[in-house]
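Trainee: I would like a close look at a single part of this model. Please take one residue and work outward from there.

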Amino acid sequence: MRSASGAKPPRGQDDPAHTPMLAAMDLLGQRWNLRVLWELQPGNLGFLELRRRMGQCSSSMLSTRLHHLQSTGLIAKNADKTYELTPAGVELSVALEPVWSWSQRWSGHLGRTDSDDH
């Protein structure tokens with residue numbers, strides 16, 4: 001992967017510049033976080049509607065994820081008790097659009113295991 005300048009991004013624990021990326025990967029790698037952000041893309045949702053859209057995510061887990069995403073500044077809870085993406089959350093959603101495009105192109109391969117090829 002190359003940065004906009006064409007240089008490969010630094011990697012390695014001794015490089016302090018990599019710390020924000022590792023923090024982002026840790027945050028986004030937690031189960032259900034990306035799904036919450038995805039479901040909030042079209043607009044504000046209340047807890048019950050968000051819970052309905054989340055399928056297998058329990059209410060307690062959803063509540064935990066919502067609190068965590070609020071503390072990171074990616075989502076906000078409104079006075080009417082709906083949740084929405086903050087400007088940082090919207091910016092992250094835009095950054096994830098290439099992943100969405102990739103998933104559309106490779107959807108036939110996603111979820112396959114090596115045993116599927118035999």
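Which helix does Leu62 lie in, and what surrounds that residue?

Mentor: This is a predicted model, and what follows should be read as such. Leu62 is part of helix H4. Its relative accessible area is 0%, and since buried means under 20%, Leu62 counts as buried. Leaving out residues up to four places away in sequence, Leu62 touches Val36, Phe47, Leu50, Arg51, Met54 and Cys57. One of these, Arg51, is 11 residues from Leu62 along the chain, and the two C-alpha atoms are separated by 7.0 Å.

Two of the residues that Leu62 touches, Val36 and Leu50, lead to the largest nonpolar core. That core has 17 residues, and Val36, Leu40, Leu50 and Ile75 touch the most other members. Helix H2 (33-39), helix H4 (59-71) and strand S3 (82-85) each give two or more residues to this core. The largest share, 3 residues, comes from H4, the helix that holds Leu62. As background, nonpolar side chains in soluble globular proteins tend to be buried together.

Ile75 shows another side of the core. With residues up to four places away in sequence again left out, Ile75 touches Leu37, Leu40, Leu66, Leu69, Gln70, Tyr83, Glu84, Leu85 and Thr86.

Next comes helix H5, which spans residues 87-105. The buried residues of H5 are Gly89, Leu92, Ser93 and Ser103, and what covers them includes helix H1 (19-29), H2 and S3. Both H2 and S3 also give residues to the core. On length, the 19 residues of H5 should span 27 Å at 1.5 Å a residue, and the end C-alpha atoms are 28 Å apart, which agrees. H5 nevertheless has a kink of about 35° at Leu96, shortly before the proline Pro98.

For the setting of these parts, the protein has 5 helices and 3 strands, which run α-α-β-α-α-β-β-α from the N terminus on. Of its 118 residues, 22% count as buried, Leu62 among them. Among contacts between residues at least 6 apart in sequence, 42% join residues at least 24 apart. The accessible surface comes to about 8,400 Å², and 56% of that belongs to carbon and sulfur atoms.

Terms used:
Residues numbered from 1 in each chain as written. Predicted model: local features only at pLDDT ≥ 70, side-chain atom pairs only at ≥ 80, totals over all residues. Heavy atoms only, no water. Core = buried A, V, L, I, M, F, W, Y, C linked by side-chain atoms within 4.5 Å. Buried < 20%, exposed > 50% of the residue type's maximum accessible area, 1.4 Å probe, protein only. Helix = DSSP H or I, 4+ residues; strand = E, 2+ residues; numbered from the N terminus. Contact = heavy atoms within 4.5 Å. Areas by Shrake-Rupley, 256 points an atom, 1.4 Å probe, with all protein chains shown as cover. Expected span 1.5 Å × (residues − 1). Bend = angle between axes of the 7 residues up to and from the residue.
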